[in-house]
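Here are some notes to read with the model open beside you. They start with the overall picture and then move to a few places along the chain.

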Amino acid sequence: MDVPEKLGTGIGWRPEIADDIAALPGVDWVEVVAENHCPGHLPEPLRRLRAGGVPVVPHGVSLGLGGAERPDLARLVALAELAEALGSPLVTEHIAFVRSGGGLLPSHHRLEAGHLLPVPRTRDALEVLCANVRIAQEALPVPLALENIAGYLAWPDEEFTEGQFLAELVARTGVRLLVDVANLHTNHVNRGEDPSRALDELPLEAIAYVHVAGGQERDGVWHDTHAHPVGPPVLDVLADLYSRVTPPGVLLERDDDFPTADGLATELDAVRAVTARAGRGVSHVR
């Protein structure tokens, strides 16, 4: 089973804006935070969307595929069951680690970071990540796509650029990519990494879909808040990506300080305008 040829324009489904999403024109699909939903207790507004033919993609945040430990079987089972309950075309997660410890700590308790932490771009870290990704792929009933994350620090002695690291991951595992252009911009401001270079090095044919989100720069640091409108710097990276390839879908993330329905529609229109303008004349790479 492969990722659909076309997902279209979507939005992150959140309970706070469920009614607005149901009324918004032109929402082709939605994404849900996987850990917030149980297969047997899906919210009624989400069930109605699914019954109306709107695809729903579970987006996980807790597998920690970049961690030293193997993926937790219970978490994988839960993600697989949710994907089946929603009839999802794929599931997504992050290239990150989120916990450590276990038997390495005197208390035998794991430490949960409560945040997506960047994986060192080294050969050793890549080996671990690839092994964990293969385990996840075997456990899931649909294709897996992984997201590049925003980082506020760089590990010393890294051996790959972000684009090289992602390309090598795809080559070794066949995993798809969820390219977050807001995170590419975040890493540009905070780590001095060039988004265009990352896009140059990515295997564009592996892109499953794209994330767009707003943020804010304070004291020279870009905060990936998901609580601000998507601004020109992020839309510029989106345009750069769409000048190279037309991915199957693009999705707006908004997690806090939710605008009105008109505000959400305006943000979606801004994303559509960029993708339509930049995508003219670009073939869909598969």
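1. The surface comes first. Please keep in mind that this is a predicted model. The accessible surface of the protein is about 12,500 Å², and carbon and sulfur atoms account for 53% of that area. Buried residues make up 52% of the 286 residues.

2. Next, the overall dimensions. The C-alpha trace spans about 55 × 45 × 40 Å along its principal axes. How does the radius of gyration of the protein stand against that of a compact globule? A compact globule of 286 residues would have a value near 19 Å, and the protein has 18 Å, so the two agree.

3. On secondary structure and contacts, the protein has nine helices and 12 strands. Taking contacts between residues at least 6 apart in sequence, 79% join residues at least 24 apart.

4. A word on charge. There are 23 positive and 42 negative side chains in the protein. The centres of these two sets lie 3 Å apart.

5. Strand 3 is a nice place to zoom in. This strand covers residues 56-59, and strand 2 (residues 29-33) pairs with strand 3 in the parallel sense over four bridges. Within that pairing, Val30 stands opposite Val56. Which way do the side chains of strand 3 point? Val56 and Pro58 point one way, while Val57 and His59 point the other way. This fits a general pattern: in a regular strand, side chains alternate between the two faces of the sheet. In strand 3, the residues on both sides are buried.

6. Moving on from strand 2, have a look at His37, which sits in the loop between strand 2 and helix 2 (44-51). Is His37 buried or exposed? His37 counts as buried because its relative accessibility is 12%, and the cut-off for buried is under 20%. Leaving aside neighbours within four places in sequence, His37 is in contact with Trp13, Val32, Leu42, Pro43, Leu46 and Leu82.

7. Glu44 belongs to helix 2. With a relative accessibility of 37%, Glu44 counts as partly exposed. If you would like a distance to check, try the C-alpha atoms of Glu44 and Glu147: they are separated by 28 Å, and the two residues are 103 apart along the chain.

8. Leu140 is another loop residue worth a visit, placed between helix 4 (123-139) and strand 7 (144-147). Leu140 is buried, with a relative accessible area of 8%. What surrounds Leu140, once neighbours within four places in sequence are left aside? Its contacts are Leu76, Leu79, Ala80 and Val91. For Leu79, the C-alpha atom is separated from that of Leu140 by 7.6 Å, with the two positions 61 residues apart in chain numbering.

9. Finally, please check two backbone angles. Asp157, in the loop between strand 7 and helix 5 (162-173), has a phi near 60°, a positive value in a residue other than glycine. Asp157 is exposed, with a relative accessible area of 71%. Asp257 has a positive phi of about 50° although it is not a glycine. Where does Asp257 lie? Asp257 is in the loop between strand 12 (249-253) and helix 9 (261-279). At a relative accessible area of 54%, Asp257 counts as exposed, because the cut-off for exposed is over 50%.

How values were computed: Residues numbered from 1 in each chain as written. Predicted model: local features only at pLDDT ≥ 70, side-chain atom pairs only at ≥ 80, totals over all residues. Heavy atoms only, no water. Rg over C-alpha atoms; globule rule 2.2 N^0.38 Å. Buried < 20%, exposed > 50% of the residue type's maximum accessible area, 1.4 Å probe, protein only. Contact = heavy atoms within 4.5 Å. Areas by Shrake-Rupley, 256 points an atom, 1.4 Å probe, with all protein chains shown as cover. Lys, Arg positive; Asp, Glu negative; His and termini not counted. Charge placed at Lys NZ, Arg CZ, Asp CG, Glu CD. Pairing = 2+ DSSP bridges.
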